[in-house]
Amino acid sequence: MPAARCEICGAEFERAPNESWKKLCYPCWREKQEKSQVVALRRRLASLEDALDEKDSLIASLDGLVDYQEQVIAHLKERLAHTEGWLTLLQQHSRFLLLACHPDRNPAHADTATAVTQALLALRKQEAAGNPAPRPPGH
Ligand SMILES: [Zn+2]
């Protein structure tokens with residue numbers, strides 16, 4: 001088998017007549033292959049590190065959003081407790097309030113009396129219907 005000279009180390013190596021494309025001895029060819037694999041792996045690692053940084057910053061902003069939502073929920077719970085207090089009061093005294101606010105008894109404030117009476121009747125109707133809470137999706 002004819003010999004060729006390695007372009008890197010200068011060592012002689014055997015190659016077939018139809019293998020003129022072989023310019024390197026096997027150890028040099030192998031080293032070159034490994035180096036290009038290392039370069040590709042380093043590039044891949046760098047792109048994964050970039051993606052990880054992006055995910056970390058996304059997680060940080062989602063954490064901020066969760067904190068904000070928790071504050072909003074706490075605020076809404078407070079408002080709800082306050083509103084429930086008022087609703088309980090209105091329900092407990094609805095009979096008295098409907099009598100006291102009836103437009104016939106309040107001719108000087110007929111518009112206000114009508115509006116309050118309608119609101120009290122709507123509240124009573126809503127309570128009678130049970131006013132169910134919404135269900136989570138998929139249930
Ligand atoms: Zn070589």
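**Figure 1. The residue that follows helix α3.** Immediately after α3, G130 has a positive phi of about 95°. The model is predicted, and α3, covering residues 110–129, is where confidence in the protein is lowest, with a mean of 92.

**Figure 2. Helix α3 along its length.** The 20 residues of α3 extend 28 Å from the first C-alpha to the last, close to the expected 28 Å at 1.5 Å a residue. Helix α3 is hardly covered, since the count of buried residues in it is 0.

**Figure 3. Helix α1 from end to end.** Helix α1 spans residues 26–92 and carries the highest confidence in the protein, at 96. Its end C-alpha atoms lie 95 Å apart, which agrees with the 99 Å that its 67 residues should span at 1.5 Å a residue. The number of buried residues among these 67 is 0, so α1 lies largely in the open.

**Figure 4. R30 and D67.** R30 belongs to helix α1. A residue counts as exposed if 12 or fewer other C-beta atoms lie within 10 Å of its own; R30 has 11 and is therefore exposed. Between the C-alpha atoms of R30 and D67 the separation is 55 Å, and the two residues are 37 apart along the chain.

**Figure 5. Order of the elements in the chain.** The protein contains 3 helices and 2 strands. In sequence order, these elements read β-β-α-α-α. The radius of gyration is 41 Å, well over the 14 Å that the globule rule gives for 139 residues, so the protein is more spread out than a compact globule. The C-alpha trace spans about 120 × 25 × 25 Å along its principal axes.

**Figure 6. Burial and contacts in the protein.** Of the 139 residues, 1% are buried. A residue is buried only when 20 or more other C-beta atoms lie within 10 Å of its own. Helices α1 and α3 each have a buried count of 0. Among contacts between residues at least 6 apart in sequence, 11% join residues at least 24 apart.

**Figure 7. Confidence across the model.** The mean pLDDT of the protein is 94, and 100% of the residues score at least 70. Helix α1 marks the high end at 96, and helix α3 the low end at 92.

Definitions and conventions:
Residues are numbered from 1 along each chain as its sequence is written. This is a predicted model: local features need pLDDT of at least 70, side-chain atom pairs count only at pLDDT 80 or more; totals for chains, interfaces and linings use all residues. pLDDT is the predictor's confidence in each residue, from 0 to 100. Helices (H or I, at least four residues) and strands (E, at least two) are DSSP runs, numbered from the N terminus. The radius of gyration is taken over C-alpha atoms; the globule rule is 2.2 Å times the number of residues to the power 0.38. Two residues are in contact if their C-beta atoms, placed from the backbone, lie within 7 Å. The expected span of a helix is 1.5 Å times one less than its number of residues.
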